[in-house]
Amino acid sequence: MEDIRKESADSCATKRERRWQKVWDFLETFVLLIRTRRIRKITLILFCCYFITSMGYVGLSLGGDLFSSNPFIYVAISGLVEIPGATFTIPLVEQFGRRFSNMAFYLLTGACLLALPFIPTYIEWISMTLALLGKMALTAAYQVLFLHSGELFPTEVRTWGMGNSSTMARIGSVFSSFLVSVIPSSWSIAPFIILGCSCLIAAWATSLLPETRGAALYDTVAALEAAQSFKGDKEKEEEGEIQQRTTITTTTAAP
């Protein structure tokens, strides 16, 4: 019985050590996402974009009674507009890149939502059209955001970065339910203004991120911090060509 008690005590101590080790590993990995300057900038901007995108997406999905007198028709059409929003992004990101495409989608959504308070109530179809156009653009932004963030996080923290970003998205989803159900009772146009301004903030934040189209992905955070530039390879090549042309022109013009 004494041997059994010792084994049981050792087993409990080992379980506690493993539990604390898991907590320490989590904190150590999370700190790695905000420890240095470049990875901290990427992490905080993506957290903000995921929060805003999910808040707007769920808000536009649940707020059928705010954008139409028949919420059933609105919900049915809002499901259909997600098809082009999720498919047309493929050629766009290949042609214009991740950053510019997402900025355009956020700006389009913000413009549609901020225009809604100025639409007369008797012209209902315009309000519903603007809301559905914003829903389609925000659906596209969600697709591009997943692609862009997966390429921005280095390999060693990509899983943790994407997981924590998704957590921020879920927090935004929770907040959106109060935004479209509770706040309109006090101020009817508040959801439009909050969501529209948030999308404009997301567009500005996205402009601070580097473009990843044609760029080599980083394996470690140290490699990201040690890189000379925060831009993609194609932009580096264009800058190099411009500098080379400038050098040749200066040399030729020199006496």
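**Reasoning through a predicted model**

Me: What is the volume of the largest pocket in this predicted model?
Reply: The largest pocket has a volume of about 320 Å³. Its lining is made up of 16 residues, and Leu66, Leu116, Thr121, Ser127 and Phe192 are the ones nearest the centre.

Me: Which elements give two or more residues to that lining?
Reply: They are helix 3 (64-67) and helix 8 (124-152). Helix 3 contributes the most, with three residues.

Me: What makes nine residues of the lining count as nonpolar?
Reply: The label goes by residue type: Leu and Phe, for example, belong to the nonpolar group. Nine lining residues are nonpolar, while five are polar and two are charged.

Me: How do you know that glutamate 82 and lysine 135 form a salt bridge?
Reply: Their closest N and O atoms are 3.0 Å apart. A salt bridge needs a Lys or Arg side-chain nitrogen within 4 Å of a carboxyl oxygen of Asp or Glu, so this pair qualifies. Glutamate 82 sits in helix 5 (residues 82-87) and lysine 135 in helix 8, 53 residues apart, so the pair links distant parts of the chain. The whole structure holds two salt bridges.

Me: Which residues make the contact where helix 4 (residues 71-80) and helix 8 pack at an angle of about 35°?
Reply: Helix 4 brings Tyr74, Ile77 and Ser78, and helix 8 brings Met128, Ala131, Leu132 and Lys135. By type, this contact has five nonpolar residues, one polar and one charged. The one charged residue is Lys135, because Lys counts as charged. The helix axes lie 9 Å apart, and the crossing is right-handed.

Methods:
Residues are numbered from 1 along each chain as its sequence is written. This is a predicted model: local features need pLDDT of at least 70, side-chain atom pairs count only at pLDDT 80 or more; totals for chains, interfaces and linings use all residues. Side-chain values use heavy atoms; hydrogens and water are left out. On a 1 Å grid over the protein atoms alone, a cavity is a set of points where a 1.4 Å probe fits but cannot get out, and a pocket is an open set with protein on both sides within 12 Å along at least five of seven lines; lining residues have an atom within 4 Å of a point. Grid points are joined across faces, edges and corners, and a volume is the space filled by probe spheres set on the points. Helices (H or I, at least four residues) and strands (E, at least two) are DSSP runs, numbered from the N terminus. Axes are lines fitted to C-alpha atoms, for helices over the stretch in contact, and angles run from 0 to 180 degrees between N-to-C directions. A crossing is left-handed if the near helix is turned anticlockwise from the far one by less than a right angle, and right-handed if clockwise. Contact means heavy atoms within 4.5 Å.
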